[in-house]
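Reader: Please give me a close look at one single part of this model. Start with the part itself, then set it in its surroundings.

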Amino acid sequence: MQFGIYTDKAYNGMLTINLKASNGWRDWLINLMCWSRNEVHAGYKMELDRYYDDIMDTIKDTPELLTAADKGTLISGRSKGGAEALLLANRMIGFGVKLCGLVDAPKCTRYWTAAEDLTVSLVYKNDIVPRFFPWFKSVAKTVQLGSRTHGLSVRDHEIATTQEDIMYKLVEDLDD
């Protein structure tokens, strides 16, 4: 997880929180903890429950981050981090969340979230991960990046979550 302060355009000076994609066997076990009768992916919720107080303490104990949070909060994540970003944004909605951005995130909830109207999900080409966990729903406005053909691709997921320059270029092209 990374904390920062946005320094460009309309979101200048706002707090940013970025949650990372899966990295290592522990994260893959968390991904697999999706078989619950709960309304939310059990693994992602468990991890958020475990670290939420630490996240809030970090913000409250860091004057620069607290000042930035007063202007607004931007939350983002890639893959597993995207799903967790949505759950975090929903929990922090009263903390001034302005935007929640997901990059190739799996679905993680069965219900409408408070952050749903603020959430944008970027999907690269034929990435398979945003189709994971079909018993959950997609609660974000989805933006397709790159041409979609047929089939589903693990390779497209790898590209989207590791080659940032490709994703930045595609997002910049949306502004044109």
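Author: What follows moves from one residue to its neighbours, then to other loop sites and the whole chain.

This is a predicted model; local features need pLDDT of at least 70, side-chain atom pairs count only at pLDDT 80 or more, and totals for chains, interfaces and linings use all residues. Residues are numbered from 1 along each chain as its sequence is written, and side-chain values use heavy atoms, with hydrogens and water left out.

The residue is Ser153. It sits in the loop between β6 (141-145) and α5 (154-162). Helices (H or I, at least four residues) and strands (E, at least two) are DSSP runs, numbered from the N terminus. Is Ser153 buried or exposed? Ser153 is buried, because its relative accessible area is 16%. The cut-offs are these: buried means under 20% relative accessible area, exposed over 50%, partly exposed in between (1.4 Å probe, protein chains only).

Now the side chain. It makes two polar contacts with backbone nitrogens. One is to Arg155, at 3.1 Å. The other is to Asp156, at 2.9 Å. A polar contact is a pair of N or O atoms within 3.5 Å; within protein, one must be able to donate a hydrogen and the other to accept it, and residues adjacent in sequence count only if both atoms are side-chain atoms.

What does Ser153 touch beyond its sequence neighbours? Leaving out residues up to four places away, Ser153 contacts Asn126, Asp127 and Ile128. Contact here means heavy atoms within 4.5 Å.

Take Ile128 next. It belongs to the loop between β5 and β6. Ile128 is partly exposed, at 22% relative accessible area. With residues up to four places away set aside, Ile128 touches Leu152, Ser153 and Val154. Asp156 turns up again here. The C-alpha atoms of Ile128 and Asp156 are 7.8 Å apart, although 28 residues separate them along the chain.

Asp156 leads on to Tyr124, which lies in strand β5. Tyr124 is buried, at 6% relative accessibility. Residues up to four places away are not counted in its contacts, which include Asp156, Ile159 and Ala160. Tyr124 also touches Gln144 and Leu145. Ile166, Met167 and Leu170 are on its list too. The C-alpha atoms of Tyr124 and Leu170 are 9.2 Å apart, with their positions 46 residues apart along the chain.

Tyr124 touches Asp104 as well. Asp104 is in the loop between β4 (97-103) and β5 (119-124). Its relative accessible area is 0%, so Asp104 counts as buried. Its phi is near 50°, a positive value in a residue other than glycine. Ser79 also has a positive phi, near 55°. Ser79 is in the loop between β3 (73-78) and α4 (80-91). Ser79 is buried, at 8%.

Thr109 is in the loop between β4 and β5. Thr109 is buried, with a relative accessible area of 0%. A polar atom of its side chain lies 3.3 Å from the backbone oxygen of Glu39. Neighbours within four places aside, Thr109 contacts Glu39, Val40, Leu86, Phe136, Lys137 and Val139.

Ser138 sits in the loop between β5 and β6. At 47%, Ser138 is partly exposed. Its C-alpha is 9.4 Å from that of Tyr111, 27 residues away along the chain.

Now the whole chain. It has 6 helices and 6 strands. Their order is β-β-α-α-α-β-α-β-β-β-α-α. Buried residues make up 45% of the 176 residues. Among contacts with a separation of 6 or more, 62% join residues 24 or more positions apart.

The radius of gyration is 16 Å, which agrees with the value near 16 Å for a compact globule of 176 residues. That radius is taken over C-alpha atoms, and the globule rule is 2.2 Å times the number of residues to the power 0.38. The C-alpha trace spans about 50 × 45 × 30 Å along its principal axes.

The protein exposes about 9600 Å², with 54% of it from carbon and sulfur atoms. Accessible areas come from the Shrake-Rupley method with a 1.4 Å probe; for residues, only the protein chains shown count as cover.
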